[in-house]
Amino acid sequence: MEDRRLPLHQMRASDAERDRTVDHLTVAFVEGRLDLEEYDRRVGLALSSVLVGELWSLTADLPRPEDPPPRPGSGPRREGRSDSGDPPATVPVREWGEEWRWWAGVAGVLTAVWAVVSLMAGELVPYWPLVPLGVWGAVLIAATVWPDEGGPR
């Protein structure tokens, strides 16, 4: 059977490949290899890339990460050694930041509603958004501290 693989500049990229590219760019940014503007530009291009060759061109001038790829079935864990002695794995910064961006967006909307209600009442009403935002924030902090589904040990 003949191998009919397309060249990389014609092969479509998967979501996992785009995510790996963003992770690679994040490592380069944290190491100081990219400034914020270049990092933002490249991440935007990575997320909108359609072809594998486009992704490769975004990281061609960066060294390859030294970490081996995670084993299949190993979920994200907090930094440090696991009970089984495996090397540490972390929750991707992108996922962590995205959760907190949602929280901040909802916090802004709820605070705006509270401010309108206070203006309409003619006095400051108790800051009721503190309850839902506090509960949600506590859950996000707990998920950051104990990212596996097993919870605290």
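**Exercise 1.** Trp128 has 37% relative accessibility in this predicted model. Work out whether Trp128 counts as buried, partly exposed or exposed.

*Solution.*
- Start with the cut-offs: buried means under 20%, exposed means over 50%, and partly exposed is in between.
- Now place the value: Trp128 sits at 37%, so it counts as partly exposed.
- Where is Trp128 in the chain? Look in the loop between helix H4 (93-121) and H5.
- Finally, check its company: Trp128 joins Val109, Val113 and Val117 in making a nonpolar surface patch of about 330 Å².

**Exercise 2.** Do the same for Ser49, then find out which residues Ser49 touches, not counting residues up to four places away in sequence.

*Solution.*
- Find Ser49 first: look in the loop between helix H2 (36-48) and helix H3 (52-59).
- Its relative accessibility is 6%, so Ser49 counts as buried.
- Leaving out residues up to four places away in sequence, Ser49 touches Arg18, Glu54, Leu55 and Leu58.

**Exercise 3.** Take helix H5 (residues 130-145) and compare its reach with the span expected at 1.5 Å a residue. Then sort out which residues of H5 are buried and which are exposed on the other side.

*Solution.*
- Count up: H5 has 16 residues, and 22 Å is expected.
- Going from first C-alpha to last, H5 reaches 22 Å, close to that expected value.
- Next, pick out the buried residues of H5: Leu133, Gly137 and Leu140.
- Look down the axis of H5: these buried residues fall within an arc of 60 degrees, so they line one face of the helix.
- Turn to the other side of H5, and you'll find Val131, Val135 and Val139 exposed.

Note on methods. Residues are numbered from 1 along each chain as its sequence is written. This is a predicted model: local features need pLDDT of at least 70, side-chain atom pairs count only at pLDDT 80 or more; totals for chains, interfaces and linings use all residues. Side-chain values use heavy atoms; hydrogens and water are left out. Helices (H or I, at least four residues) and strands (E, at least two) are DSSP runs, numbered from the N terminus. The expected span of a helix is 1.5 Å times one less than its number of residues. Buried means under 20% relative accessible area, exposed over 50%, partly exposed in between (1.4 Å probe, protein chains only). The arc is that of the directions from the helix axis to the C-beta atoms. Patches are made of residues with over 30% relative accessible area and no salt bridge: like charges are joined within 9 Å, nonpolar side chains (Val, Leu, Ile, Met, Phe, Trp, Tyr) within 5 Å. Accessible areas come from the Shrake-Rupley method with a 1.4 Å probe; for residues, only the protein chains shown count as cover. A salt bridge is a side-chain nitrogen of Lys or Arg within 4 Å of a carboxyl oxygen of Asp or Glu. Contact means heavy atoms within 4.5 Å.
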